[in-house]
Structures are given as C-alpha cells and as structure tokens.
Amino acid sequence: PIVVAQFLPQQEIVTANEACPIDRASPLLNQIGRSGTILALADYGPELLYRTGHQVLSIPNHRPQPGFGATYRALTASDEQVAWAELRAHGVDWILLCPNIVERSMFLDDRATEATLYRRLIDGTGPGWLRPVTLNDDLHSQVRLYEVDPSRAIARSPSASPERF
C-alpha cells in the first residue's frame with residue numbers, strides 16, 4: 001500500500017506561516033499606535049496573539065466560537081452594510097488578509113454574482129470605511145492590512161443586522 005500511495009497525486013500542505021508572514025508583519029502591527037481587535041483567518045490568530053499586543057477575533061479551536069462565524073460572514077458579505085454591522089458587532093479595528101490559496105479557498109466563491117468584501121479588498125476596491133495601511137514593498141505582495149474607520153461608516157439599515165448560525 002505504501003508504494004501505491006507514492007504514485008498518487010500529492011497535495012502540497014501549506015502551513016500558516018508560509019501562507020501569511022505574520023513574523024514579518026508583526027513589527028508593523030506593533031507600531032500602529034493603539035491595540036485593537038484584528039479580524040484574520042483563524043489560523044493566523046495564535047501567532048498574532050503571540051507576536052503582537054492586539055486581540056484577535058478567532059483562533060483555531062475545537063469548540064464553537066462566534067469570531068470564526070463572524071469572520072466568515074463579514075468577508076463573504078456582498079452587502080457593505082451587512083459586513084459593517086458584523087465588524088462593529090464584534091469590535092473589529094483591523095482586517096489582516098494574506099491573499100493566498102488558503103484564504104481564497106475559504107472566502108472566495110467564484111460562483112458569486114456580486115463582489116464580496118474579501119474580493120473587493122484583495123482587488124483594492126474596499127469600502128470607504130476601511131482605510132488601507134501602507135506596508136513596505138516586501139510585505140505588500142503577501143499581506144493586506146485595513147483599519148476600520150468608524151468616522152466614515154455607512155448608515156445602518158434594519159436589514160443589515162448580522163445573521164447568526
């Protein structure tokens with residue numbers, strides 16, 4: 001059986017650090033000036049907690065946690081008001097993305113007819129209430145960081161309340 005398995009197609013395993021260079025982005029995150037809550041892929045959470053003075057919305061955990069669902073709902077929302085409501089409900093101050101195969105498989109749906117928040121952010125066309133943070137050229141190709149700017153928030157409508165599952 002071992003010999004047969006070696007001839008089957010192998011899928012490359014990507015670790016969280018290979019997918020997102022948190023170790024190189026941490027000095028920037030620590031220099032932001034104020035601590036806050038970072039929304040990022042759950043796999044990045046433990047290293048963000050270890051390397052920065054920030055909180056995270058979610059971590060990989062075997063127990064249900066609201067932050068995991070909130071991250072998914074916010075980043076896959078095609079309605080800005082729904083995404084905004086989700087971020088505010090969970091006190092998100094920063095969004096950290098590493099547009100790679102790991103994140104794309106989690107947050108992109110090529111069948112979606114409307115652009116989701118994740119799609120807009122990796123394409124550089126995010127909503128006005130998210131301010132891109134300038135990164136050095138070395139990191140910009142791998143990391144996107146956005147600050148949630150409540151002063152530029154959109155009016156919340158009753159239909160924009162986040163759904164729970």
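1. Order of the elements. Read from the N terminus, the elements of this predicted model follow the order α-α-α-β-α-β-α-α-β-α-α-β-α-β, and the chain holds nine helices and five strands.

2. The chain as a whole. Of the 165 residues in the chain, 42% are buried, while the chain exposes an area of about 9600 Å², of which carbon and sulfur atoms supply 53%. When contacts between residues at least 6 apart in sequence are considered, 61% of them join residues at least 24 apart.

3. The disulfide. The structure holds one disulfide, and its partners are Cys20 and Cys98, with sulfur atoms 1.8 Å apart. Cys20 belongs to the loop between helix 2 (16-19) and helix 3 (22-30), and Cys98 to the loop between strand 3 and helix 7 (101-107), so the pair ties together parts that are 78 residues apart in sequence. A disulfide is a covalent bond between the sulfur atoms of two cysteines. Cys20 is buried at 0% relative accessibility, and Cys98 is likewise buried, with a relative accessible area of 0%.

4. Helix 5. The buried residues in helix 5 are Gly67, Gly69, Ala70, Thr71, Arg73, Ala74 and Leu75. Those buried residues pack against strand 1, helix 6, strand 3, helix 7 and helix 8. In the loop between strand 2 (55-56) and helix 5 (66-76) one finds Gln65, whose side chain reaches the backbone oxygen of Ile59 at 2.3 Å. If neighbours within four places in sequence are left aside, Gln65 is in contact with Leu57, Ser58, Ile59 and Pro60.

5. Helix 6. In helix 6 (residues 80-89), the buried residues are Ala83, Trp84, Ala85, Glu86 and Leu87, and they pack against strand 1 (37-39), helix 5, strand 3 (94-97), helix 8 (117-123) and strand 5 (144-148). The N-terminal end of helix 6 is capped by Asp79, which has a side-chain oxygen 2.8 Å from the backbone nitrogen of Gln81. After helix 6 comes Gly91, with a positive phi near 65 degrees.

6. A salt bridge between helices 5 and 6. The side chains of Arg73 and Glu86 meet in a salt bridge, with an N to O distance of 3.0 Å. Arg73 lies in helix 5 and Glu86 in helix 6, so this pair ties together parts that are 13 residues apart in sequence. A student might ask whether Arg73 and Glu86 are buried or exposed; both Arg73 and Glu86 are buried.

7. Other salt bridges. The structure holds eight salt bridges, and one of them joins Arg24 to Asp138, with the closest N and O atoms 3.3 Å apart. This pair links distant parts of the chain, since Arg24 is in helix 3 and Asp138 in helix 9 (residues 137-140), 114 residues apart. Arg24 is partly exposed at 36% relative accessibility, and Asp138 is partly exposed at 49%. Another salt bridge, at 2.6 Å from N to O, brings together the side chains of Arg51 and Glu47, which both lie in helix 4 (residues 45-51), four residues apart, or about one turn of the helix. Arg51 counts as partly exposed at 35% relative accessibility, whereas Glu47, at 19%, counts as buried, because buried means under 20% relative accessible area.

8. A network. Salt bridges also link Arg34, Asp93, Arg131 and Glu147 in a network. As general background, side chains of opposite charge can pair when their charged atoms come close.

Notes: Residues are numbered from 1 along each chain as its sequence is written. This is a predicted model: local features need pLDDT of at least 70, side-chain atom pairs count only at pLDDT 80 or more; totals for chains, interfaces and linings use all residues. Side-chain values use heavy atoms; hydrogens and water are left out. Helices (H or I, at least four residues) and strands (E, at least two) are DSSP runs, numbered from the N terminus. Buried means under 20% relative accessible area, exposed over 50%, partly exposed in between (1.4 Å probe, protein chains only). Contact means heavy atoms within 4.5 Å. Accessible areas come from the Shrake-Rupley method with a 1.4 Å probe; for residues, only the protein chains shown count as cover. A polar contact is a pair of N or O atoms within 3.5 Å; within protein, one must be able to donate a hydrogen and the other to accept it, and residues adjacent in sequence count only if both atoms are side-chain atoms. A disulfide is a pair of cysteine sulfur atoms within 2.5 Å. A salt bridge is a side-chain nitrogen of Lys or Arg within 4 Å of a carboxyl oxygen of Asp or Glu.
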